[in-house]
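Please look first at how charged side chains are placed, and then at a few positions in loops and one in a helix. The paragraphs below take these topics in turn.

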Amino acid sequence: MHTSGAGSGRSRRGGSPLLAAALTATAACTAGDRDADPGPTTAPAAPTHLLSALDTMERHALVRDEVDWPKLRRDALGRAEGASGPADTHEAIERALRDLGDGHSAFLTPEEAARAEHEAPDDQVLPQVQRLPKGLGHLTLPSIRSDTAARPYLRAARAAVREVERAGACGWVVDLRTNTGGDMWTPLASAGPLLGDGEVGAFVEADGTRTPWTTESGTPRRYADRWGPGEPLAHPMPPVAVLTGPRTASAGEAVAIAFRGRPDTRTFGEPTFGVPTANAPYSLSDGALVVLTTARETDRTGRVHHGPPRPDVEVAWVRGSDRVLTAAAAWLAAHDRCRTS
């Protein structure tokens, strides 16, 4: 456990009961080979809970080397002054996550975490596939936020892609404009036959640790046993137009990044929301979740993305006319693979 924040807090807010309890908890974790205190060493629940969240942030945050941790800890402990239990520290934890400044970390109360975990598949918006003129397919991949919805989502996408591809689709639109985040792996698997196999991107942590995104037989390798292979296309590696917009965020941006550098691929629309980073959930003792940004994302060319990935062809959305889809379809229809369709 890091102790710099607690020490600085003591010098500035010496009369705070919460700070005193926090210092006790810190001392208990860092006593090392010093003589043990014969008295009670268990800190009250509130400061222990808050310190646990702050320690997790300091160990794992992507921006951990850019944060003034003594100040962030002082501020968090000050905001939780008078807290008598874990729930009373939630606001301070949420504010500390905002103070990291990464624009993506978040906090879920125990109730919010439970709802997110148990989203019913019936509540999930499933992927949609349409046949467009001139032999084109249009695959829309909305957000997905729970494991229980993954199989219905993937099953719907694979079946629809298979049907349209067997009808002779020569090129595809992959529409991510309504994907506001959540799970990236199910949409990746849904687009897997179009995406192609191999390393399609990676997470890069603050210390340079790199975790590749690898697909095999149309499925991310980490889910191969759970989901099985996707059906290969009769006409592999067709041209693909990827659509993005300001609502494309987080996991939606990751899927868009996975298509960057793919042959015969072009992006259309507007810049994304601008959080091309990976989050990891860390559970607290009361069931709350610290959802912490821990890595940046790189495409298959090795480019690490900072801020909103801009499309190759910028087209503004206009109410009543989908100019983005029109531009993407025109590019696909002019491609060599589609001219004779």
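A patch, as the word is used here, is made of residues that have over 30% relative accessible area and no salt bridge, with like charges joined within 9 Å. The model is a predicted one, and in it Glu-91, Glu-94, Glu-111 and Glu-112 gather in such a patch, which carries negative charge on the surface. Two elements, helix 5 (90-99) and helix 6 (110-117), each give two or more residues to this negative patch. Glu-94, which lies in helix 5, has a relative accessibility of 36% and therefore counts as partly exposed.

Helix 5 also holds a paired charge. Arg-95 forms a salt bridge with Asp-99, and the closest N and O atoms of the two are 3.2 Å apart. Both residues of this pair, Arg-95 and Asp-99, lie in helix 5 with their positions 4 residues apart in the count, that is, 4 residues apart, or about one turn of the helix. Because its relative accessibility is 34%, Arg-95 counts as partly exposed, and Asp-99 falls in the partly exposed class because its value is 35%.

How many salt bridges does a search of the whole structure find? The search finds 13, and the pair in helix 5 can be set beside some others. Arg-177 forms a salt bridge with Asp-175, with the closest N and O atoms 2.8 Å apart, and both Arg-177 and Asp-175 are buried. Glu-199 forms a salt bridge with Arg-210, where the closest N and O atoms are 2.3 Å apart. This pair links distant parts of the chain, since Glu-199 belongs to strand 5 (residues 198-205) and Arg-210 to strand 6 (residues 210-216), the two being 11 residues apart. Glu-199 is partly exposed because its relative accessible area is 34%, and Arg-210, at 40% relative accessibility, likewise counts as partly exposed. Elsewhere, Asp-55, Glu-58 and Arg-73 are joined into one network by salt bridges that share partners.

A charged residue without such a partner comes next. Arg-260 lies in the loop between helix 11 (251-259) and strand 9 (265-269). Arg-260 is buried and yet has no salt bridge, the nearest side chain of opposite charge being that of Asp-312, 4.9 Å away. A salt bridge requires a side-chain nitrogen of Lys or Arg within 4 Å of a carboxyl oxygen of Asp or Glu. What does the side chain of Arg-260 reach at 2.6 Å? At that distance, the side chain of Arg-260 reaches the backbone oxygen of Arg-310.

The loops on either side of helix 11 repay a look at the backbone. Most residues other than glycine have a negative phi. Ser-250, however, has a positive phi of about 55° although it is not a glycine, and its place is in the loop between strand 8 (240-244) and helix 11. With a relative accessible area of 16%, Ser-250 is buried, because buried means under 20%. Asp-264 is another residue other than glycine with a positive phi, here near 55°, and it lies in the loop between helix 11 and strand 9. Asp-264 counts as partly exposed because its relative accessibility is 38%.

Some further positions connect residues separated along the chain. Pro-246 is placed in the loop between strand 8 and helix 11, and it is partly exposed, with a relative accessible area of 47%. The C-alpha atoms of Pro-246 and Gly-269 are separated by 9.1 Å, and the two residues are 23 residues apart along the chain. Gly-252 is found in helix 11 itself, where its relative accessibility of 0% means that it counts as buried. Between Gly-252 and Phe-273, which are 21 residues apart in sequence, the distance from C-alpha to C-alpha is 9.5 Å.

Which residue, 235 residues from Ala-53 in sequence, is 10.0 Å from it in space, C-alpha to C-alpha? That residue is Ala-288, which lies in the loop between strand 10 (277-283) and strand 11 (289-299). At 0% relative accessibility, Ala-288 counts as buried.

Methods:
Residues numbered from 1 in each chain as written. Predicted model: local features only at pLDDT ≥ 70, side-chain atom pairs only at ≥ 80, totals over all residues. Heavy atoms only, no water. Patch = residues over 30% accessible without salt bridge, like charges linked within 9 Å, V, L, I, M, F, W, Y side chains within 5 Å. Areas by Shrake-Rupley, 256 points an atom, 1.4 Å probe, with all protein chains shown as cover. Lys, Arg positive; Asp, Glu negative; His and termini not counted. Charge placed at Lys NZ, Arg CZ, Asp CG, Glu CD. Buried < 20%, exposed > 50% of the residue type's maximum accessible area, 1.4 Å probe, protein only. Polar contact = N/O pair within 3.5 Å; in protein donor to acceptor, adjacent residues only side chain to side chain.
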